[in-house]
Amino acid sequence: SSDLTPQFENDDVKVWKTVIMPNAPLTMHTHDHPRVIVALSGGTMKVVNEDGSSETHRWDTGQAYWLPLEEGRKRHADANLGAKPIEVMVVELKNAAGK
């Protein structure tokens, strides 16, 4: 499971903190806006696409990452491949063009 903690939201951004537990069930979802992810406690994430393909992302603690809109629009699920929870701050950019 993942634990979502809303931080704040305005007309431009929505920010939440999420904890992705190891060995959690996968929930397919999409995102409507590009996002910036800041790893508070990093790890290795596997992104499983609906068509069965997957890719692995390494998120290092203290680093920020850009997740473009086209990536978020594909139906996918996130899996934490490590033994410890991954904690990230997510900044969703509501008005970004998406590139």
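**A tour from one aromatic pair to an open sheet**

In this predicted model, the count of aromatic pairs comes to 1. To see that pair, select tryptophan 59 and tyrosine 65, whose rings are stacked, with 6.5 Å from centre to centre and 25 degrees between the planes; the pair counts as stacked because planes under 30 degrees apart are classed that way.

Keep both residues selected and turn on the surface. Tryptophan 59 has a relative accessible area of 9% and is therefore buried, the cut-off for that class being under 20%, whereas tyrosine 65, at 23% relative accessibility, counts as partly exposed.

Next, select residues 54-59, which make up strand 5, and add strand 4, residues 43-49. These two strands run antiparallel and are joined by 6 bridges; to find one of the pairings, pick lysine 46, whose bridge partner in strand 5 is threonine 56.

Now add strand 7, residues 76-80, to complete an open sheet of 3 strands, which has the order 5-4-7 and antiparallel pairing. Strand 5 and strand 7 stand at the edges with a single partner strand each, so one side of each is left without a neighbour in the sheet. Looking across the sheet, follow the twist, which averages 25 degrees from one strand to the next.

Finally, colour the chain by pLDDT, for which the mean is 92, with 96% of the residues reaching 70 or more. Two selections mark the ends of the confidence range: strand 1, residues 2-9, where confidence is lowest at a mean of 88, and strand 3, residues 35-41, where it is highest at 97.

How values were computed:
Residues are numbered from 1 along each chain as its sequence is written. This is a predicted model: local features need pLDDT of at least 70, side-chain atom pairs count only at pLDDT 80 or more; totals for chains, interfaces and linings use all residues. Side-chain values use heavy atoms; hydrogens and water are left out. Two strands pair if DSSP finds at least two bridges between them. Helices (H or I, at least four residues) and strands (E, at least two) are DSSP runs, numbered from the N terminus. Axes are lines fitted to C-alpha atoms, for helices over the stretch in contact, and angles run from 0 to 180 degrees between N-to-C directions. pLDDT is the predictor's confidence in each residue, from 0 to 100. Rings of Phe, Tyr and Trp (its six-membered ring) pair if their centres lie within 6.5 Å; planes under 30 degrees apart count as stacked, over 60 as edge-to-face and the rest as tilted. Buried means under 20% relative accessible area, exposed over 50%, partly exposed in between (1.4 Å probe, protein chains only).
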